Each structure stands twice: as C-alpha cells, then as structure tokens.
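Here are my notes on the model, set out as numbered points. Please read them with the structure open.

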Amino acid sequence: MDLILRDITKAYGGQVVLDRFSHTFPEGRVTAIEGRSGCGKTTLLRLIAGLEAPDAGAVIGVPEGGIAMVFQEDRLPPQLTAAGCLRSVLKKAPERDGQIDAALRALGLT
C-alpha cells in the first residue's frame, strides 16, 4: 500500500512548518527527503512515524508494524521513556516486555 499524506498542516506556536502538504510515497520505492534547515523534513518524518499528530490532514497507509527511523539527535524522544522508546521500535509482542525490562535493568536504566 502506498503511504499517502493528504493536506498535512503542522505548526508550533504560531510558526507553520507544513501547510497543506500532500504527497504519495509509492510502496516499494526509496524516497529521499531533502531541503534547507528548518523547512520541515524532521517534522514530516515525525508525523509519518506517529510521534506527532498533524494539526490538520491525514497520514494514510502506514504499515501495520509502523516505520523505523534513526534520529539525528543522540537522545530519546522526550515523550517516551527508555522502555517506551524500545517498545516503539520492536514488534509489539507481549514476550518483548520482559526482554526490554531485563535489558534496561542490566544497563542500570530502570
């Protein structure tokens, strides 16, 4: 299934970052997103990944298991705990919770 962004709008405070952005990303194709600093590339990816919600518009066709992305910053997303971050990138299976908790305890990150 194609990934479809339909009339996506996102603003932070009064600053509109994406204004009615629409695009279809064909299934099975690799797409590069490029642009100047501050033009909305990271915001676009965060919306697709479900880490943020658009103020308007729709993201359609995100695969059932979600998408994977590597953050440019060397930090966890502020709204997630370490366990939450790991759960967001691993397949959602109940047996994973015990593995995640054990790994975090071993690292002293409880």
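1. Which residue in the hairpin of β1 and β2 takes a positive phi? Gly13 does, with phi near 65 degrees. The hairpin has two residues between its strands. Bear in mind throughout that this is a predicted model.

2. Next to that turn, Tyr12 stands opposite Gln15 of β2. Further pairs can be picked out along these two strands. Lys10 has Leu18 in β2 as its bridge partner. Leu3 is matched with Phe25, again in β2. Strand β1 covers residues 3-12, and seven bridges join it to β2. The two strands run antiparallel.

3. What is the strand order of the sheet? The order is β2-β1-β3, in an open sheet of three strands with antiparallel pairing. The edge strands are β2 (15-25) and β3 (56-60), and each of them pairs on one side only. From one strand to the next, the twist averages 20 degrees.

4. The pairing of β1 with β3 deserves its own look. Four bridges hold this pair, in the antiparallel sense. Arg6 is bridged to Ala58 of β3. As general background, strands of a sheet pair through backbone hydrogen bonds, in either a parallel or an antiparallel way.

5. Now the helix. Helix α1 takes in residues 41-49 and lies across β1, β2 and β3. Relative to β1, helix α1 runs at about 120 degrees.

6. How many salt bridges does a search of the whole structure find? The search returns four. One of the contacts to check is Lys10 with Glu52, a salt bridge whose closest N and O atoms are 3.7 Å apart. Lys10 sits in strand β1, while Glu52 belongs to the loop between α1 and β3, so this pair ties together parts that lie 42 residues apart in sequence. Lys10 thus appears twice in this note: its backbone partner in β2 is Leu18, and its salt-bridge partner is Glu52.

7. Finally, the second largest pocket. It holds about 370 Å³ of space. Its lining has 17 residues, and those nearest the pocket's centre are Leu3, Phe25, Arg29, Ile48 and Ile67. By class, the lining comprises twelve nonpolar, two polar and three charged residues. Two names here recur from the sheet: Leu3 and Phe25 are bridge partners, and both are listed nearest the centre of this pocket. Ile48 falls within the residue range of α1, 41-49.

Notes
Residues are numbered from 1 along each chain as its sequence is written. This is a predicted model: local features need pLDDT of at least 70, side-chain atom pairs count only at pLDDT 80 or more; totals for chains, interfaces and linings use all residues. Side-chain values use heavy atoms; hydrogens and water are left out. Two strands pair if DSSP finds at least two bridges between them. Axes are lines fitted to C-alpha atoms, for helices over the stretch in contact, and angles run from 0 to 180 degrees between N-to-C directions. Contact means heavy atoms within 4.5 Å. On a 1 Å grid over the protein atoms alone, a cavity is a set of points where a 1.4 Å probe fits but cannot get out, and a pocket is an open set with protein on both sides within 12 Å along at least five of seven lines; lining residues have an atom within 4 Å of a point. Grid points are joined across faces, edges and corners, and a volume is the space filled by probe spheres set on the points. Ala, Val, Leu, Ile, Met, Phe, Trp, Tyr, Cys and Pro count as nonpolar, Asp, Glu, Lys and Arg as charged, and the others, Gly among them, as polar. A salt bridge is a side-chain nitrogen of Lys or Arg within 4 Å of a carboxyl oxygen of Asp or Glu.
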